[in-house]
Amino acid sequence: MSATIEIPPRTGTAFHLRKGSMLTVIDPQGCQVSDLLAFAASDVREVISNGRTFDYEETLRLTTGNTLWSTRSNAMLRICADDVGRHDFLLTPCSEATFRHFYPSKPVHRGCFGNLAEALGPYGIEPDSIPTAFNLFMNVPVDARGRLRVDPPVSKAGDSITLKAEMDLVIGLTACSAYASNGGTFKPIHYRIN
């Protein structure tokens with residue numbers, strides 16, 4: 001088993017994930033979101049797609065057994081284990097604009113978008129290429145009329161999700177920075193690769 005790596009609160013990272021490798025993302029303290037992005041290592045213009053994933057998996061509730069698909073209809077990641085079963089694939093990574101829009105009385109933060117842009121830059125990924133993230137542990141209920149809201153995550157301390165790489169990937173991963181997404185507090189995210 002590989003070492004567990006910590007992503008400090010309100011920061012992000014990026015790394016290569018080889019085909020067949022297992023990525024486990026852990027919420028060590030509970031109630032903390034982690035935005036996950038995936039790009040094909042062979043051509044970073046091929047990116048994770050919420051639309052393709054919802055279409056092919058025929059569900060908004062992605063969990064164990066579901067696959068995350070790319071813009072080119074290729075399998076990118078398969079969910080092998082999931083302690084929580086509640087994640088979001090509708091909302092874009094939080095950004096400076098998000099903070100100005102939703103939190104006008106709070107200090108502006110570059111958010112997950114800014115953290116991902118910085119982390120992914122060395123891999124040749126430009127900010128305009130950042131898609132909607134698979135927001136691990138994020139709790140976004142949608143009512144019968146289609147209205148959505150952001151509630152605190154239901155993840156508890158030590159809960160995790162494990163995904164298997166179905167191709168060579170560049171992964172972006174954060175410890176989310178938005179107030180509502182994390183119940184008003186900011187904590188680290190841990191991950192390991194096997």
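1. Met-138 is a buried residue, at 6% relative accessibility. Its place is in the loop between β7 (134-136) and β8. This is a predicted model, and the points below should be read as a description of that model.

2. Leaving out residues up to four places away in sequence, Met-138 touches Val-33, Arg-86, His-87, Asp-88, Leu-91, Val-150 and Ser-181. Ala-38 is not in that list of contacts; its C-alpha atom is separated from that of Met-138 by 17 Å, and the two residues are 100 apart along the chain.

3. The strand that follows this loop is β8, residues 159-165. Six of the seven residues of β8 are buried, so the strand is mostly covered. Two pairings involve β8. Strand β3 (residues 22-27) runs antiparallel to β8, with six bridges between them. Strand β6 (residues 75-82) is also antiparallel to β8 and is joined to it by five bridges.

4. Individual bridge partners give the register. Met-22 is matched with Lys-164 of β8, and Leu-77 has Ala-165 of β8 as its partner.

5. Ser-49 is another loop residue, placed between β4 (34-40) and α1 (50-57). With 11% relative accessibility, Ser-49 counts as buried, because the cut-off for that class is under 20%. A polar atom of the Ser-49 side chain lies 3.4 Å from the backbone nitrogen of Gly-51. Beyond its neighbours within four places in sequence, Ser-49 is in contact with Trp-69, Ser-70, Thr-71 and Phe-89.

6. The count of aromatic pairs comes to nine. One of them is Tyr-56 with Trp-69: the ring centres are 5.1 Å apart and the planes stand at 80 degrees, so the pair is edge-to-face. Tyr-56 belongs to helix α1 and Trp-69 to strand β5 (residues 67-69), so this pair ties together parts that are 13 residues apart in sequence. Trp-69 is also among the contacts of Ser-49. Tyr-56 counts as partly exposed, at 35% relative accessibility.

7. Ring pairs also link Phe-99, Phe-102, Tyr-103, Tyr-179 and Phe-186 into a cluster. Arg-10 meets two of these rings. Its charged end sits over the ring of Phe-186, 4.0 Å from the centre. Arg-10 also lies over the face of Tyr-179, where the distance to the ring centre is 5.5 Å.

8. What does a search of the whole structure find in the way of disulfides? The result is zero. The sulfur of Cys-94 has its closest cysteine sulfur in Cys-112, at 3.8 Å, which is too far for a bond because a disulfide requires the two sulfur atoms within 2.5 Å. For the sulfur of Cys-112, the closest cysteine sulfur is in Cys-176, at 3.8 Å, and this too is too far for a bond.

9. Are Cys-94 and Cys-112 buried or exposed? Cys-94 counts as buried, with 7% relative accessibility. Cys-112 is buried as well, with a relative accessible area of 0%.

Methods. Residues numbered from 1 in each chain as written. Predicted model: local features only at pLDDT ≥ 70, side-chain atom pairs only at ≥ 80, totals over all residues. Heavy atoms only, no water. Helix = DSSP H or I, 4+ residues; strand = E, 2+ residues; numbered from the N terminus. Buried < 20%, exposed > 50% of the residue type's maximum accessible area, 1.4 Å probe, protein only. Polar contact = N/O pair within 3.5 Å; in protein donor to acceptor, adjacent residues only side chain to side chain. Contact = heavy atoms within 4.5 Å. Phe/Tyr/Trp six-rings, centres within 6.5 Å; stacked < 30°, edge-to-face > 60°. Lys NZ or Arg CZ within 6 Å of the ring centre and 35° of its normal. Pairing = 2+ DSSP bridges.
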